[in-house]
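Me: Please take a close look at one part of this model, the aromatic side chains and the helices that carry them, and then place that part in the chain as a whole.

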Amino acid sequence: MVVGVFSASGAAGQLVFLPLFAQMISFYGWQTVVLVTSLSALITMLLVGLFMRDKPSDVGLLPYGATEPVETAAAPHANPFLSALNGLKIGVRSKDFYIYCRGYPLCNNSRVCSSNT
């Protein structure tokens, strides 16, 4: 559900904001659009930091679809940067990693990949 909401909001945002920003550029210049976008991002970050919580239980709710309280495991306290590097270290030792990466140069050419999607 979350992935669907994020995908829909991304598409809706492009449909709404890109024409609006294009018109703003023609009247006020690109600097105004950069300023509006930056201020919007800053306000959004502040609101998320103030009101968003990690788990439904933090605000007294049950997880989506649950009918009774669910015990959740504690989040690992590892350094996320080091975890990503360790995952990359494991990945580069795998043949599958290189097979997967071979497609990226091909898909950067939109004419090639647009017919495959």
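Reply: A careful place to begin is Phe21, which counts as buried because its relative accessibility is 17%, under the 20% that sets the limit for burial. The model is a predicted one, and in it Phe21 shares helix H1, which covers residues 2-28, with Phe17, the two being four residues apart, or about one turn of the helix. Phe17, at 43% relative accessibility, counts as partly exposed, so the two residues fall into separate classes of exposure, one partly exposed and the other buried.

The search of the whole structure for aromatic pairs finds three. Among them is the pair of Phe17 and Phe21, whose rings lie 5.7 Å apart from centre to centre with 35° between their planes, an arrangement classed as tilted. Another pairing joins Phe27 and Tyr28, where the ring centres are 6.4 Å apart and the planes meet at 55°, so that this pair is tilted as well. Phe27 has a relative accessible area of 61% and is therefore exposed, and Tyr28, at 60% relative accessibility, is likewise counted as exposed.

Turning to the next helix, H2 spans residues 30-51 and contains Leu35, a residue that is exposed, with a relative accessible area of 51%. Leu35 also contributes to a nonpolar surface patch of about 960 Å², together with Leu39, Leu42, Ile43, Met45, Leu46, Leu47, Leu50 and Phe51. The UniProt record, an unreviewed entry, places a feature named "transmembrane region" at residues 32-52; over that stretch the chain is 95% helix and 0% strand, with the C-alpha atoms at its ends 29 Å apart.

For the chain as a whole, there are six helices and zero strands, and the order of elements from the N terminus is accordingly α-α-α-α-α-α. Of its 117 residues, 5% count as buried, a class to which Phe21 belongs. The accessible surface of the chain amounts to about 10,600 Å², and carbon and sulfur atoms account for 68% of that area.

As to confidence, the chain averages a pLDDT of 83, and 90% of the residues score at least 70. Among the elements, H2 has the highest mean pLDDT, at 94, whereas helix H6, residues 110-114, has the lowest, at 50. The helix that holds Leu35 is thus the element with the highest mean value.

Definitions and conventions. Residues are numbered from 1 along each chain as its sequence is written. This is a predicted model: local features need pLDDT of at least 70, side-chain atom pairs count only at pLDDT 80 or more; totals for chains, interfaces and linings use all residues. Side-chain values use heavy atoms; hydrogens and water are left out. UniProt positions are given in the numbering used here, feature names are shortened, and annotations may be inferred rather than shown by experiment. Patches are made of residues with over 30% relative accessible area and no salt bridge: like charges are joined within 9 Å, nonpolar side chains (Val, Leu, Ile, Met, Phe, Trp, Tyr) within 5 Å. Accessible areas come from the Shrake-Rupley method with a 1.4 Å probe; for residues, only the protein chains shown count as cover. A salt bridge is a side-chain nitrogen of Lys or Arg within 4 Å of a carboxyl oxygen of Asp or Glu. Buried means under 20% relative accessible area, exposed over 50%, partly exposed in between (1.4 Å probe, protein chains only). Rings of Phe, Tyr and Trp (its six-membered ring) pair if their centres lie within 6.5 Å; planes under 30 degrees apart count as stacked, over 60 as edge-to-face and the rest as tilted. pLDDT is the predictor's confidence in each residue, from 0 to 100.
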